Amino acid sequence: AYTNRFGAPRSVGQLKDHRFVAFSDQFVQGLSFGWARDLARDGAVVFSSNNLLVQREAARSGLGLAVLPTYVGDQTAELRRLFTLGDDMGLDLWLLTHPDLRQTARIKAFTEFILQAVKRDKAVLEGLE
């Protein structure tokens, strides 16, 4: 609905002319979620929420553009992917273990399982783009 009214940006440079659904200021401090606020002109963030599903619904209703993970945005028929932002917009994933347990067989097995699952999912997502 939003792109029907305001057009669709085709690059990051064109985002400055659009409205955004974004994360709240309190949430983005120190995280990479604040990119929309950095790119947007003053007042361009028209709705903020710290919940991805709420952001999805706001974007679906036509309030503004939102950056959503593919597993959220691609599952919603009324949304369409405009372009991919690139790896630098991603988040780091940390798996913390107690130092005394890090070398135990079950922790090593779990860590390896998670690593392979993330690699597999990343390959699947990259194939969708």
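**Entry 1: burial and overall layout**

I looked up burial for the whole chain. Buried residues make up 23% of its 129 residues. I note here that the model is a predicted one.

I then checked the exposed area. The chain exposes about 9200 Å². Carbon and sulfur atoms supply 54% of that area.

Next came the secondary structure. I found 6 helices and 2 strands. I read their order along the sequence as α-β-α-α-β-α-α-α.

I also looked at contacts with a separation of 6 or more. Residues 24 or more positions apart account for 54% of these.

**Entry 2: helix α4**

I picked helix α4, which covers residues 52-60. Which residues of α4 are buried? I found Gln55, Ala58 and Ala59. Seen down the axis of α4, the buried residues fall within an arc of 95 degrees, so they line one face of the helix.

I wrote down the general rule beside this. An α-helix has 3.6 residues a turn, so residues three or four places apart point the same way.

What covers the buried residues of α4? The cover includes both β1 (20-22) and β2 (45-48).

**Entry 3: Gln55**

I zoomed in on Gln55 in helix α4. Is Gln55 buried or exposed? Its relative accessibility is 1%, so I count Gln55 as buried. The cut-off for buried is under 20%.

I listed the contacts of Gln55, leaving out residues up to four places away in sequence. Gln55 touches Val21, Ala22 and Phe23, and also Ser49. It touches Ala66, Val67 and Leu68 as well.

**Entry 4: Ala22 in strand β1**

Ala22 was on the contact list of Gln55, and I followed it up. I found Ala22 in strand β1. Ala22 has 4% relative accessibility, so it too counts as buried.

I checked a pair across the sequence. Ala22 and Asn50 are 28 residues apart along the chain. Their C-alpha atoms are 7.9 Å apart in space.

**Entry 5: Val46 in strand β2**

I moved to the other strand. Val46 sits in β2. Its relative accessibility is 40%, so Val46 counts as partly exposed.

How far apart are Val46 and Val21 in space? I got 6.2 Å, C-alpha to C-alpha. In sequence, the two are 25 residues apart.

I set aside the neighbours of Val46 within four places in sequence. Val46 is then in contact with Arg19, Phe20 and Leu63.

**Entry 6: Tyr2 in helix α1**

I went to the start of the chain. Tyr2 belongs to helix α1, residues 2-6. Tyr2 has 3% relative accessibility, so I count it as buried.

I compared Tyr2 with Ala59, one of the buried residues of α4. Tyr2 and Ala59 are 57 residues apart along the chain. Their C-alpha atoms are separated by 7.6 Å.

I again left out residues up to four places away in sequence. Tyr2 touches Gly7, His18 and Arg19. It also touches Gly62, Leu63, Gly64 and Leu65. Arg19 and Leu63 are contacts of Val46 as well.

**Entry 7: the second largest pocket**

I turned to empty space. Rolling a probe the size of a water molecule over the atoms shows where such space is left.

I looked up the second largest pocket. Its volume is about 160 Å³. Which residues line it? I found Leu93, Trp94, Leu95, Thr111, Ile114, Leu115 and Val118. By class, the lining has 6 nonpolar residues, 1 polar residue and no charged ones.

**Entry 8: Leu95 in the lining**

I chose Leu95 from the pocket lining. Where does Leu95 lie? Leu95 is in the loop between α5 (70-73) and α6 (105-128). Its relative accessibility is 41%, so Leu95 counts as partly exposed.

I looked at Ile114, another lining residue of this pocket. Leu95 and Ile114 are 19 residues apart in sequence. In space, they are 8.8 Å apart, C-alpha to C-alpha.

I closed with the contacts of Leu95, not counting residues up to four places away in sequence. Leu95 touches Phe110 and Thr111. Thr111 is also in the pocket lining.

Notes
Residues numbered from 1 in each chain as written. Predicted model: local features only at pLDDT ≥ 70, side-chain atom pairs only at ≥ 80, totals over all residues. Heavy atoms only, no water. Helix = DSSP H or I, 4+ residues; strand = E, 2+ residues; numbered from the N terminus. Buried < 20%, exposed > 50% of the residue type's maximum accessible area, 1.4 Å probe, protein only. Contact = heavy atoms within 4.5 Å. 1 Å grid on protein atoms, 1.4 Å probe; cavity = no way out; pocket = protein on both sides within 12 Å on 5 of 7 lines; lining within 4 Å. Points joined across faces, edges and corners; volume = space filled by probe spheres on them. Nonpolar A, V, L, I, M, F, W, Y, C, P; charged D, E, K, R; others polar. Areas by Shrake-Rupley, 256 points an atom, 1.4 Å probe, with all protein chains shown as cover. Arc of directions from axis to C-beta.
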